[in-house]
Amino acid sequence: MKLRVLLGLGLALLAGACGGEKRPAQRVVVIGADGLEWRVLRPLLQQGKCPNLRALMERGSFGNLRTMIPTLSPILWTTIATGKPPEEHGILGFTDENLQQYTSTMRKVRALWNIADRCELESSVHGWWNTWPVEELRGHMVAGSSSSELAEANWKPALIPGAERQVWPLELEPRVMAMAQEHGTLAQVQALATTRIFGRFAPGELGEVEQELIRQTLWSVQADMTYAAIAEELLRTDPGDLNMVYFGGTDVISHRFWRYYEPQAFRWPADPQLESRMAGPKAQVLLARAIDNYYEWFDELLGRLLQAAGDDATVLVISDHGFHAHSTDKPNPLFITGHHLDGPAGVFIAAGPGIVQRGDVAAFLERNELADCGHILSIAPTVLALLGLPRGADMADEAFVAVLDERARKSALLAPVPTHDTGFRRARATEVPAGMKTDFVKRFQQLGYIGSDGQDANLPPQQQPPR
Ligand SMILES: [Zn+2]
């Protein structure tokens with residue numbers, strides 16, 4: 001162990017930063033599902049779909065998770081991971097004032113995995129926002145990389161073959177990259193897109209609009225598929241004390257297919273030219289289930305992760321915000337029809353050791369009753385409480401104790417340490433290698449449009465879609 005690490009650990013223990021209470025949860029699994037929305041989930045649960053989410057709700061706590069504006073993913077997911085507002089954690093959007101993408105080296109404070117590491121706990125982090133280049137820690141990290149070059153297309157973390165510093169520890173990289181090659185091939189993405197998410201279409205059934213919307217979503221299908229497979233394998237063979245997995249596709253599909261999901265919310269004027277670019281009524285009906293299908297697929301991935309984590313894991317499923325209809329009176333130029341600009345509350349579901357049973361599933365399904373489950377700022381202190389660690393007094397919120405059992409509450413009431421950031425040094429700034437940018441774009445283009453009429457709908461970028 002390096003002297004600096006040893007010294008840091010000594011200081012952390014000396015300062016009591018690591019509590020010393022018995023941990024209420026032996027293993028915490030935080031699953032982030034971007035933009036997961038209760039109003040989509042509720043009818044699915046009523047139909048008996050999404051059994052894994054339902055099982056968690058029944059044996060644990062669930063409700064609304066309040067959020068903050070602007071609802072940009074890098075800001076919110078870093079806020080969730082640090083318990084600090086953006087002006088303190090330093091990740092203020094997708095790109096900085098020089099239009100360079102934010103990387104892990106620009107975060108100014110410790111994230112949960114750094115705090116865990118300092119207290120000799122292991123983390124396993126997969127695809128979380130702004131984790132490229134990977135950080136050195138006990139356990140493993142599979143980075144979520146992104147690229148400014150993709151701003152006009154789709155921007156969620158992904159693994160890029162050939163890019164450096166995506167896997168920690170270094171010796172794990174060949175194994176992780178082999179898994180990435182195996183899970184998320186073009187054939188697999190195509191099969192999932194046609195059999196599970198969008199369906200198969202006869203030639204001419206889709207318009208150029210839908211072809212492009214599908215193309216923009218496939219990137220996330222691939223990323224979610226890959227991270228899920230890697231996280232599942234590592235949860236099974238080498239779980240961390242703290243495990244964090246991020247999925248972006250639930251947000252991506254909701255931005256693009258809300259009009260098909262809730263057509264009655266849209267009053268677009270009749271326009272023959274527009275209609276000629278869009279799918280006919282039959283394909284529109286087929287696409288009506290695209291968001292539902294993605295949710296059901298996410299629930300299946302979640303089920304596999306939960307099985308790998310074991311029955312005694314404490315699980316949190318959270319979204320950074322909810323979703324609703326957008327561009328209801330006239331089409332957005334990019335045909336983005338779902339949005340979250342006004343910060344609708346997201347989803348909080350938790351179950352397992354340390355979590356109480358709170359919330360009535362029947363009342364939710366019948367009368368849409370949802371309890372408050374705190375704020376995205378309360379997630380980090382809540383996770384620390386579950387791990388038996390005190391929060392930092394400089395965190396913006398406290399643990400959301402209403403969902404915690406007696407032991408975890410006791411842990412949440414540990415005297416806070418002034419800060420967990422003592423001695424935190426930001427890694428040196430890293431240039432995003434040019435090769436990484438071009439690989440990113442190449443890989444994205446390779447996905448092309450996957451559909452039965454085989455046409456590639458590579459439209460020129462018009463403006464940045466929302467993320
Ligand atoms: Zn979004």
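**Exercise 1. Find out how enclosed strand β10 is, and which strands pair with it.**

Step 1. Start with burial: 6 of the 6 residues of strand β10 (residues 346–351) are buried, so β10 is largely enclosed by the rest of the structure. A residue is buried if 20 or more other C-beta atoms lie within 10 Å of its own, exposed if 12 or fewer, and partly exposed in between, with C-beta atoms placed from the backbone. Strands are DSSP runs of E with at least two residues, helices are runs of H or I with at least four, and both are numbered from the N terminus.

A word on the model before we go on. This is a predicted model, in which local features need pLDDT of at least 70, side-chain atom pairs count only at pLDDT 80 or more, and totals for chains, interfaces and linings use all residues. Residues are numbered from 1 along each chain as its sequence is written.

Step 2. Now look for partners; two strands pair if DSSP finds at least two bridges between them. Strand β2 (residues 61–66) runs antiparallel to β10 and is joined to it by 5 bridges. Here leucine 65 stands opposite glycine 346 of β10.

Step 3. Strand β7 (residues 314–318) also pairs with β10 in the antiparallel sense, over 4 bridges. Valine 317 has isoleucine 349 in β10 as its bridge partner.

**Exercise 2. Describe how α3 meets α13, and how α8 meets α9.**

Step 1. Two packed helices are described by the angle between their axes and the distance between the axes. The axes are lines fitted to C-alpha atoms, for helices over the stretch in contact, and angles run from 0 to 180 degrees between N-to-C directions.

Step 2. Helix α3 (residues 51–59) and helix α13 (residues 290–309) have axes that come within 7 Å and cross at roughly 60 degrees. They are therefore oblique to each other. Angles under 35 degrees count as roughly parallel, over 145 as roughly antiparallel, 65 to 115 as roughly perpendicular and the rest as oblique.

Step 3. On the α3 side the contact is made by Pro51, Asn52 and Leu53, and on the α13 side by Asp299, Leu302, Gly303 and Leu306. Contact here has a cut-off: the C-beta atoms of two residues, placed from the backbone, lie within 7 Å.

Step 4. For helix α8 (residues 186–197) and helix α9 (residues 208–237), the axes come within 10 Å and cross at roughly 110 degrees. α8 and α9 are therefore roughly perpendicular to each other. Gln188, Val189, Leu192, Ala193 and Ile197 of α8 meet Leu218, Val221, Gln222 and Met225 of α9.

**Exercise 3. Locate the cis peptide bonds before proline 70 and proline 169, then examine the positive phi values of glutamate 120 and serine 327.**

Step 1. Isoleucine 69 and proline 70 are joined by a cis peptide bond, with omega about 0 degrees. Proline 70 sits in the loop between β2 and α4 (73–82).

Step 2. From tryptophan 168 to proline 169 the peptide bond is cis, with omega near -5 degrees. Proline 169 belongs to the loop between β5 (167–168) and α7 (173–182).

Step 3. Glutamate 120, a residue other than glycine, has a positive phi near 65 degrees. Glutamate 120 is exposed, with 12 other C-beta atoms within 10 Å.

Step 4. Serine 327 is not a glycine either, yet has a positive phi of about 55 degrees. Serine 327 counts as partly exposed, with 19 C-beta neighbours inside 10 Å.
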